[in-house]
Amino acid sequence: AHVVDTSSTLTAEHRHARESKLVAFEQARGAQIVVLLVASTQPEDITSYANRVANTWKIGSKEVGDGLLLLVAVQDRKLRIEVAKTLEGAIPDLAAKRVIEQAISPRFKQGDYAGGIDAGLDRLMGLITGEALPEPARAADGPATGFDWMELGIFMFIAVPVVGAVTRRILGNRLGAVATGAVAG
């Protein structure tokens with residue numbers, strides 16, 4: 001999920017709206033943004049916690065490194081924007097601080113968490129959109145397929161002979177050869 005709320009701060013409707021927004025953005029730009037709301041990061045400080053979560057979840061595409069984590073520790077009243085390497089040009093620490101101070105925090109102080117997250121996401125998406133990132137991988141007529149020729153090669157050279165040998169063993173040499181397309185000897 002792009003929006004994970006373990007603190008039960010957002011309503012289901014708010015989570016769904018932000019989820020849809022982030023999925024559409026990822027499909028259009030390739031960069032992946034994840035919002036995580038937790039009650040507290042204690043005993044860890046928010047920086048260590050955000051870094052650990054971002055590394056564990058592997059946010060963004062592996063080849064590009066274009067992930068971003070917006071972490072909200074509700075009870076601690078702390079925020080953190082953790083940015084992957086490729087997005088550091090678009091969202092350096094100073095820009096992340098401005099997004100938090102100017103877009104998110106004022107709404108949070110009014111108790112409007114959904115509005116604060118939305119305003120922050122709008123700013124972050126604007127900064128990412130201005131960055132020259134690689135286009136998301138797509139098939140000729142649709143989304144990325146994830147097809148790997150190496151996996152097909154491994155399958156062809158390992159699984160097919162094994163299946164053929166088992167089939168010949170079960171069905172007998174002549175019938176097994178016919179079933180697997182081999183020559184009976």
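Helices are DSSP runs of H or I with at least four residues, numbered from the N terminus. The exercises below use a predicted model.

**Exercise 1. Describe the overall make-up of the protein chain.**

Solution.
Step 1. Count the elements: the secondary structure comes to six helices and six strands.
Step 2. Put them in order. From the N terminus on, the run is β-α-β-α-β-β-α-α-β-β-α-α.
Step 3. Look at burial. The protein chain has 185 residues, of which 37% count as buried.
Step 4. Look at how contacts span the sequence. Take the contacts between residues at least 6 apart in sequence; 58% of these join residues at least 24 apart.

**Exercise 2. Place Ala95, Gln102 and Ser105, and decide for each whether it is buried, partly exposed or exposed.**

Solution.
Step 1. Find the element. Ala95 lies in helix α3, Gln102 has its place in helix α3, and Ser105 is also in helix α3.
Step 2. Recall the cut-offs: buried means under 20% relative accessible area, exposed means over 50%, and partly exposed is in between.
Step 3. Apply them to Ala95. Its relative accessible area is 16%, so Ala95 is buried.
Step 4. Apply them to Ser105. Because its relative accessibility is 18%, Ser105 counts as buried.
Step 5. Apply them to Gln102. With a relative accessible area of 48%, Gln102 is therefore partly exposed.
Step 6. Add the surroundings. Leaving aside residues up to four places away in sequence, Ser105 touches Leu79 and Ile100.
Step 7. Add distances to Arg123. The C-alpha atoms of Ala95 and Arg123 are separated by 9.7 Å, while the two residues are 28 residues apart along the chain. Gln102 and Arg123 are 21 residues apart in sequence, and their C-alpha atoms are 9.8 Å apart in space.

**Exercise 3. Describe the largest nonpolar core and say which elements build it.**

Solution.
Step 1. Start from a general point: in soluble globular proteins, nonpolar side chains tend to be buried together.
Step 2. Take the count and the residues with the most contacts. The largest nonpolar core has 31 residues, and Leu68, Ile81 and Ile91 have the most contacts inside it.
Step 3. List the contributing elements. At least two residues of this core come from each of α1 (12-29), β2 (32-38), β3, β4, α3 (93-109) and α4 (113-129).
Step 4. Find the main contributor: α4 gives the largest share, seven residues.
Step 5. Check for another core. Apart from this one there is a core of twelve residues, including Val38, Tyr49, Leu71 and Ala73.
Step 6. Return to Ile81. Not counting residues up to four places away in sequence, Ile81 touches Leu68, Leu69, Leu70, Ala96, Val99, Ile100 and Leu124.

**Exercise 4. Find the aromatic pair and classify it.**

Solution.
Step 1. Count: the structure holds one aromatic pair.
Step 2. Name the partners and their geometry. Phe108 and Tyr113 form the pair, with 4.5 Å centre to centre and 45° between the planes.
Step 3. Classify. Planes under 30 degrees apart count as stacked and over 60 as edge-to-face, so the rest are tilted. The pair of Phe108 and Tyr113 is tilted.
Step 4. Add burial: both Phe108 and Tyr113 are buried.

**Exercise 5. Describe the second largest pocket.**

Solution.
Step 1. Give the volume: about 300 Å³ of space lies in the second largest pocket.
Step 2. Turn to its lining. There are 17 lining residues, and those closest to the centre of the pocket are Ala54, Asn55, Ile59, Ala84 and Lys85.
Step 3. Trace the lining to elements. Two or more residues each come from α2 (46-57), β3 (67-73) and β4 (78-83).
Step 4. Sort the lining by type: six residues are nonpolar, six polar and five charged.

**Exercise 6. Examine the backbone at Pro43, Ser8 and Arg77.**

Solution.
Step 1. Place Pro43 in the loop between β2 and α2. The peptide bond joining Gln42 and Pro43 is cis, with omega about 15°.
Step 2. Place Ser8 in the loop between β1 (3-5) and α1. Phi of Ser8 is near 55°, which is positive in a residue other than glycine. Because its relative accessible area is 64%, Ser8 is exposed.
Step 3. Place Arg77 in the loop between β3 and β4. Phi of Arg77 is near 55°, again a positive value in a residue other than glycine. Its relative accessibility is 68%, so Arg77 counts as exposed.

Key: Residues are numbered from 1 along each chain as its sequence is written. This is a predicted model: local features need pLDDT of at least 70, side-chain atom pairs count only at pLDDT 80 or more; totals for chains, interfaces and linings use all residues. Side-chain values use heavy atoms; hydrogens and water are left out. On a 1 Å grid over the protein atoms alone, a cavity is a set of points where a 1.4 Å probe fits but cannot get out, and a pocket is an open set with protein on both sides within 12 Å along at least five of seven lines; lining residues have an atom within 4 Å of a point. Grid points are joined across faces, edges and corners, and a volume is the space filled by probe spheres set on the points. Ala, Val, Leu, Ile, Met, Phe, Trp, Tyr, Cys and Pro count as nonpolar, Asp, Glu, Lys and Arg as charged, and the others, Gly among them, as polar. A nonpolar core is a set of buried Ala, Val, Leu, Ile, Met, Phe, Trp, Tyr and Cys residues joined through side-chain atoms within 4.5 Å. Buried means under 20% relative accessible area, exposed over 50%, partly exposed in between (1.4 Å probe, protein chains only). Contact means heavy atoms within 4.5 Å. Rings of Phe, Tyr and Trp (its six-membered ring) pair if their centres lie within 6.5 Å; planes under 30 degrees apart count as stacked, over 60 as edge-to-face and the rest as tilted.
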